[in-house]
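Colleague: Could you walk me through this model, sheet by sheet and then into a pocket? I'll ask as we go.

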Amino acid sequence: MLINKNTFAFKAKIDSYAIFRHLELFIKIVECNSFSGAARKLNVTPSSVSRGLQQLEEQLGVVLLKRTTRNFILTEAGRYLLQRAQQLLTDLDDSLVNTASFYQHAQGQLKITCSIAFGVCHLMRLYSEYREINPQVSLSVDLNDALINLNETDFDIALRITSHPPENFALRKLCNINWIYCGSRHYFEQNGIPQSPADIARHNCLINPNIPDTWRMNDKDGVAYPLAINNMIEVNSSLGLLEAARCHQGIVCLPTYMLGNYIDNGELLPVLLDYNPKTTPFALYALYSPAHTHAPKIRTFIDFLADKLPLDPPWDSWMHQDRAGSSPA
């Protein structure tokens with residue numbers, strides 16, 4: 001369709017709200033085949049219907065209907081506008097209905113920020129299960145170990161592992177997060193199992209330099225044992241440290257959500273379980289804006305996580321089993 005210089009002048013003077021009302025009048029006139037019928041359908045006077053059509057034709061600068069004594073005939077311009085306007089208003093109605101239903105059931109894109117390790121180890125699996133019951137919710141994830149400020153981003157949920165959750169967000173505690181020391185079965189077969197914190201000095205230690213408070217221990221009475229460590233490998237990634245441990249390179253301190261499967265199958269062995277690497281308890285929290293408390297996609301996903309991740313999470317099931325005989329031969 002050719003666009004002339006008058007088109008831009010028309011766009012400048014058009015009243016978007018009024019034009020939709022006039023289009024509705026025009027469509028009803030055609031559907032009812034009369035001005036009076038359109039007026040009854042729209043609960044307005046016939047004169048307002050006639051006036052609305054006249055204003056629409058004046059705005060467009062074309063004749064849409066040729067009037068006769070008994071009827072009217074659509075012009076070529078009228079037929080073109082009728083076809084396009086019917087689809088336009090149908091699409092608008094659908095958009096408004098879908099928008100109004102956003103807070104009635106879970107739908108739309110859910111934007112989450114999460115630590116790299118937890119996202120890789122668990123988030124994708126959890127979302128796939130969630131989507132089976134909420135198929136209209138898509139997922140956008142930012143895996144990032146930085147502390148994201150929800151007030152400065154458009155994320156819906158931040159999944160954060162911390163001992164001191166922030167107070168300026170709505171939050172829900174999902175599950176406890178434990179840290180332990182462990183190594184591969186093969187490594188301990190070659191180097192022996194440490195029986196006390198002092199024994200750590202004889203072992204290869206796999207270190208994350210970004211977590212400076214890891215290599216110390218507290219016994220059940222809260223007595224702290226700073227550790228002398230043999231720093232064999234440094235990796236600024238928990239996933240990298242896990243792979244180093246699985247490759248028999250030494251002892252690592254990691255959260256148990258990364259280790260449960262490897263401990264269950266005997267590949268990795270936990271050690272010094274009477275000592276806690278952390279002085280304060282850690283937990284996984286779901287943080288979100290208080291203004292979004294009732295958004296179904298946010299509420300249902302957090303409820304789902306709370307159901308799947310009780311305070312005593314499934315990856316720690318090995319802690320409640322009799323591990324006698326788990327030591328390497």
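**Sheets, helices and a pocket**

Modeller: Gladly! Let's start with an open sheet of five strands, in which the pairing is mixed and the order runs β11-β8-β12-β7-β13. Keep in mind that this is a predicted model.

Colleague: Which strands stand at the edges of that sheet?

Modeller: An edge strand has a single partner, so one of its sides is left without a neighbour in the sheet. That is the case for two strands here, β11 (230-234) and β13 (268-271).

Colleague: By what angle are neighbouring strands of this sheet turned against each other on average?

Modeller: Direction is ignored for this figure, and it is an average over neighbouring strands of the sheet. The turn comes to 40°.

Colleague: In what sense do β8 and β11 pair, parallel or antiparallel?

Modeller: Strands of a sheet can pair either way through backbone hydrogen bonds. For β8 and β11 there are four bridges to go on, and Asn204 has Asn230 in β11 as its bridge partner. The sense of the pairing is parallel.

Colleague: Which helix lies across β7, β8, β11, β12 and β13?

Modeller: The helix in question runs at about 140° to β12. It spans residues 238-246, and its name is α8.

Colleague: Now the other sheet, please: what is the order of the strands in the open sheet that has β4 and β6 at its edges?

Modeller: β4 (137-143) and β6 (170-177) each pair on one side only, and neighbouring strands are turned by 20° on average, direction ignored. The pairing of the five strands is mixed, and their order is β4-β3-β5-β14-β6.

Colleague: Which residue in β14 stands opposite Arg160?

Modeller: Strand β5 (residues 157-162) pairs with strand β14 (residues 282-288) in the antiparallel sense, over five bridges. Within β14, the residue opposite Arg160 is Tyr285.

Colleague: Which helix packs on this sheet with a direction at about 20° to that of β6?

Modeller: Helix α6 (residues 116-133) lies across β3, β4, β5 and β14, but runs at about 180° to β4. The helix you want touches β3, β4, β5, β6 and β14 and covers residues 296-308. That is helix α10.

Colleague: On to the second largest pocket: which strand supplies the largest share of its lining?

Modeller: The pocket holds about 880 Å³ of space, and 38 residues line it. β3, α6, β5, β8, α8 and β12 each give at least two of them, while domain 2 (107-175 + 280-318) and domain 3 (177-268) each contribute at least three. By class, 23 are nonpolar, 11 polar and four charged. The largest share, five residues, comes from β5.

Colleague: Ser115 is among the lining residues nearest the pocket's centre, so to speak a good place to end. Where does Ser115 lie in the chain?

Modeller: Asp145, Ile161, Trp179 and Ile211 are also among those nearest the centre. Leaving aside neighbours within four places in sequence, Ser115 is in contact with Leu143, Asn144, Asp145, Leu159 and Tyr257. Its C-alpha is 8.4 Å from that of Asp142, 27 residues away in sequence. As for its place in the chain, Ser115 sits in the loop between β3 and α6.

Notes. Residues are numbered from 1 along each chain as its sequence is written. This is a predicted model: local features need pLDDT of at least 70, side-chain atom pairs count only at pLDDT 80 or more; totals for chains, interfaces and linings use all residues. Side-chain values use heavy atoms; hydrogens and water are left out. Two strands pair if DSSP finds at least two bridges between them. Axes are lines fitted to C-alpha atoms, for helices over the stretch in contact, and angles run from 0 to 180 degrees between N-to-C directions. Contact means heavy atoms within 4.5 Å. On a 1 Å grid over the protein atoms alone, a cavity is a set of points where a 1.4 Å probe fits but cannot get out, and a pocket is an open set with protein on both sides within 12 Å along at least five of seven lines; lining residues have an atom within 4 Å of a point. Grid points are joined across faces, edges and corners, and a volume is the space filled by probe spheres set on the points. Ala, Val, Leu, Ile, Met, Phe, Trp, Tyr, Cys and Pro count as nonpolar, Asp, Glu, Lys and Arg as charged, and the others, Gly among them, as polar. Domain bounds come from an automatic or database domain assignment.
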